[in-house]
Amino acid sequence: MQFFKDLSLSAFTAGFVAVLVGFTSSVAIVFQAAQAFGATPGQITSWMWALGLGMGLCSLVPSLILRQPVMVAWSTPGAAVLATAGLAGGFSMGEAIGAFMVCALLITLSGVTGWFERVMSRIPMEIASALLAGVLARFGMQAFAALQTALPLVLAMLLAYLLARRLLPRYAVVLTLAAGIAWAAVGGQMRWSAVHLAPAMPVFTAPQFSLQALMSLALPLFIVTMASQNLPGVAVMRATGYQLPVSRLITMTGLATLALAPFGAFALNFSAITAAICMGPEAHPDRARRYTAAASCGLLYIAVGIFGAVVTGLLTAFPQELVVAIAGLALLSAIGGGLVGALQSESQREAALITFLVTLSGVTLAGIGSAFWGVVAGSLALLVQQYGRPRAHQPPRRP
């Protein structure tokens with residue numbers, strides 16, 4: 001099979017780091033969202049089964065078919081919205097499931113009509129690159145902020161990264177992760193008690209539909225998923241040079257969410273942070289073989305879903321500082337590439353900087369995250385500066 005011929009240690013490690021970062025950084029929010037609707041322990045496990053299976057299959061299958069990295073994750077801001085609205089509104093689990101299905105239908109509709117892809121195609125590359133850099137830079141900052149609470153661990157990982165980048169650049173992330181795990185294990189920082197041997201079992205919940213749940217759960221979940229997840233996800237694709245069928249893939253995530261919603265899958269969407277890990281040069285120097293990193297990520301997500309509590313315990317056993325450090329170091333090249341793409345055009349530099357800074361600020365307005373407002377601010381700045389002016393003459397490209 002071509003996949004095994006193209007697979008490399010660096011690509012598999014990129015997939016593992018993507019799962020590690022994506023899972024441990026937000027799984028607590030998903031738990032809170034489930035508990036807000038009165039979920040039983042069995043239902044919470046079912047949520048992880050449905051989400052793991054959905055993310056895994058939606059990443060694995062299209063990556064193998066298209067031979068390009070397709071990265072799908074759960075909606076972290078969507079989980080935060082659900083956790084808040086669930087506690088405030090007193091919704092039942094059945095009403096939540098009904099809202100998930102309505103949201104899935106709206107996502108599917110946006111993919112079938114192609115309106116989201118048409119909007120994204122009108123955003124200049126400089127704005128998209130600035131959005132990418134702004135989304136990722138926060139993780140880079142967190143990597144060095146971890147020095148305050150785990151100075152020896154983060155310093156050891158930073159030293160391993162710098163040495164590996166000089167001596168074995170292709171395996172820099174692999175060696176950095178290995179060094180971090182070894183340091184944490186020797187220092188007794190691994191929480192092995194979190195590991196429990198128990199498979200996940202799906203639990204079906206019949207949906208209930210109400211106008212209140214539609215307005216308070218389904219619509220906010222759809223809006224933040226499209227604006228705070230799918231928008232930066234497409235920006236990562238464009239900034240890394242992958243031309244993927246966005247509308248068809250969004251339709252796929254909507255249909256997958258619809259099928260798995262009765263078991264707890266609240267919203268599947270493009271990933272941004274973890275996508276940058278698997279689409280960057282650290283995954284593989286050959287762009288044509290980076291799809292194996294996304295496919296590996298998909299396989300691991302499926303394992304998370306099937307084995308539930310076992311894999312959950314293994315992933316949460318890592319110290320938080322190790323997770324944020326490996327994420328930040330693995331994203332350095334992607335952050336640099338985003339900044340280069342954002343600032344290369346002098347005529348759009350200020351608009352790109354505004355996009356970058358608003359996105360980096362983390363501001364949330366009307367429940368929508370900074371990624372959306374960064375694009376809005378940058379696009380408005382570009383409109384004010386460029387509207388009505390003749391386009392600068394572009395010299396002909398050399399053949």
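Start at Asp6, which is buried, with a relative accessibility of 10%. That value puts Asp6 in the buried class because the class takes residues under 20%. The model is predicted, and every value here is computed from it.

Asp6 has a partner. Arg289 forms a salt bridge with Asp6, and their closest N and O atoms are 3.8 Å apart. This pair links distant parts of the chain. Asp6 sits in helix H1, residues 2–6. Arg289 sits in the loop between helix H13 (273–279) and helix H14 (291–307). The two are 283 residues apart. Arg289 is partly exposed, at 23% relative accessible area.

Why can such pairs form? Side chains of opposite charge can pair when their charged atoms come close. How many salt bridges does the count come to? The count comes to two.

The other pair to look at is Arg165 with Glu282. Their side chains meet in a salt bridge, 3.7 Å from N to O. Arg165 lies in helix H9, and Glu282 lies in the loop between H13 and H14, so the pair ties together parts that are 117 residues apart in sequence. Is Glu282 buried or exposed? Glu282 is buried, with a relative accessible area of 8%. Arg165 is partly exposed, at 36%.

Stay with helix H9, which covers residues 151–167. Tyr161 belongs to this helix. Tyr161 counts as buried, because its relative accessibility is 5% and the buried class lies under 20%. Which residues does Tyr161 touch, leaving out those up to four places away in sequence? They are Ala172, Thr176, Glu282, Leu329 and Leu332. Glu282 is thus a contact of Tyr161 and also the salt-bridge partner of Arg165. Another residue to find is Ala330, which is 169 residues from Tyr161 along the chain. The C-alpha atoms of Tyr161 and Ala330 are separated by 9.1 Å.

Now turn to the surface. Leu159, Leu163, Leu167, Leu168 and Leu175 make a nonpolar surface patch of about 490 Å². Which helix gives the largest share of the patch? H9 does, with three residues. Leu175 is placed in helix H10, residues 172–186. Leu175 counts as partly exposed, because its relative accessibility is 37% and partly exposed means between 20% and 50%.

Helix H9 therefore recurs on this route: it holds the buried Tyr161, it holds Arg165 of a salt bridge, and it supplies the largest share of the nonpolar patch.

Note on methods: Residues numbered from 1 in each chain as written. Predicted model: local features only at pLDDT ≥ 70, side-chain atom pairs only at ≥ 80, totals over all residues. Heavy atoms only, no water. Helix = DSSP H or I, 4+ residues; strand = E, 2+ residues; numbered from the N terminus. Buried < 20%, exposed > 50% of the residue type's maximum accessible area, 1.4 Å probe, protein only. Contact = heavy atoms within 4.5 Å. Patch = residues over 30% accessible without salt bridge, like charges linked within 9 Å, V, L, I, M, F, W, Y side chains within 5 Å. Areas by Shrake-Rupley, 256 points an atom, 1.4 Å probe, with all protein chains shown as cover. Salt bridge = Lys/Arg side-chain N within 4 Å of Asp/Glu carboxyl O.
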